[in-house]
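Trainee: Got a minute? I'd like to go through this model with you.
Mentor: Sure, pull it up.
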Amino acid sequence: MKILAVCGMGIGTSVLLKSNAERAARELGLDADVEVADIGTARGAAATADVVLTSGELAAELGDLGVPVVVIDNFVDGTEVRDKLASAVNG
Amino acid sequence: MREPSLSQLLPVDAIVTGIQVDSWRSAIRAAGELLVATGTTTNDYIGQMQSAVDEYGPYIVIAPGLALAHARPSPAVLRTGLSWAGLAEPVEFGHSTNDPVRLVVGLAAVDHDGHSSALSRLARLLADPARLDRLVRATSAQEIHTTITEYESSADE
């Protein structure tokens with residue numbers, strides 16, 4: 001599966017999110033590729049993604065992408081990332 | 001190629017505690033001035049970090065009390081590096097869940113991935129709320145740098 005981590009610029013928040021999402025996917029036993037997109041390219045990149053991870057503010061800006069959008073409040077909280085990813089994947 | 005460590009990207013000279021600021025804008029300026037002082041960016045980068053918040057909102061407040069100020073790679077970035085601005089009094093960035101901010105980490109990067117393992121380590125360092133609280137309350141740059149160095153040498157990737 002493909003997980004897309006979206007942030008404003010693609011160097012800070014999404015890099016943190018990518019690393020936490022990779023860790024979370026490993027813990028959940030998911031075979032996942034995590035990619036990063038900035039807000040400008042997220043819509044196109046989301047077309048091939050299974051799940052999108054982002055902040056609440058950017059989620060509002062992205063609107064409906066046709067795939068589950070998971071809102072992360074605390075980007076350094078591995079448990080939050082893992083639990084929210086698990087719920088998104090398990091429907 | 002081996003990526004630089006977190007303690008290399010964040011030298012003790014780039015860490016200041018107890019900074020007095022009156023707004024998110026001046027909090028970002030404080031973190032930016034440390035990037036300038038350590039030769040990481042030019043002055044232009046400070047405005048670029050502030051503009052990022054003007055444009056995208058306070059999503060850079062990534063955890064309770066913590067903002068990761070940054071802008072895109074640009075000619076204003078001389079090398080990849082970090083700064084640490086501990087605030088004397090917390091300030092509001094306008095974030096719905098993570099305000100107020102007590103620590104602004106400044107990030108400048110020349111590209112999108114050369115710093116990812118250092119940033120991941122920073123994330124795990126700060127993921128422990130008790131440790132984050134201790135670091136935010138620390139009064140000496142050396143103490144913070146030592147904590148980071150010790151964390152890094154004990155963290156097994």
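Trainee: How much area does chain B expose, and what share of it do carbon and sulfur atoms supply?
Mentor: Keep in mind that this is a predicted model. Chain B exposes about 6,700 Å², and carbon and sulfur atoms supply 49% of that.
Trainee: OK, and what percentage of its residues count as buried?
Mentor: For chain B, 54% of the 157 residues do.
Trainee: How many helices and strands are there in chain B?
Mentor: Six helices and five strands. Starting at the N terminus, the order in chain B is α-β-α-α-β-β-β-β-α-α-α. The radius of gyration of chain B is 14 Å, close to the 15 Å from the globule rule for 157 residues, so chain B is as compact as a globular protein of that length.
Trainee: Switching to salt bridges: how many does the structure hold over all chains?
Mentor: Twelve over all chains. One of them pairs Arg72(B) with Asp38(A), with the closest N and O atoms 3.5 Å apart. Arg72(B) sits in the loop between strands S3 and S4 of chain B, and Asp38(A) in strand S2 of chain A, so this pair joins two chains.
Trainee: Is Asp38(A) buried or exposed?
Mentor: Asp38(A) counts as buried, at 15% relative accessibility, while Arg72(B) is partly exposed at 34%.
Trainee: And which residue does Asp54(B) meet in a salt bridge?
Mentor: Arg25(B), at 2.8 Å from N to O. Asp54(B) is in helix H3 and Arg25(B) in helix H2, so the pair ties together parts of chain B that are 29 residues apart in sequence.

Conventions:
Residues numbered from 1 in each chain as written. Chains lettered and ligands numbered in written order. Predicted model: local features only at pLDDT ≥ 70, side-chain atom pairs only at ≥ 80, totals over all residues. Heavy atoms only, no water. Helix = DSSP H or I, 4+ residues; strand = E, 2+ residues; numbered from the N terminus. Rg over C-alpha atoms; globule rule 2.2 N^0.38 Å. Buried < 20%, exposed > 50% of the residue type's maximum accessible area, 1.4 Å probe, protein only. Areas by Shrake-Rupley, 256 points an atom, 1.4 Å probe, with all protein chains shown as cover. Salt bridge = Lys/Arg side-chain N within 4 Å of Asp/Glu carboxyl O.
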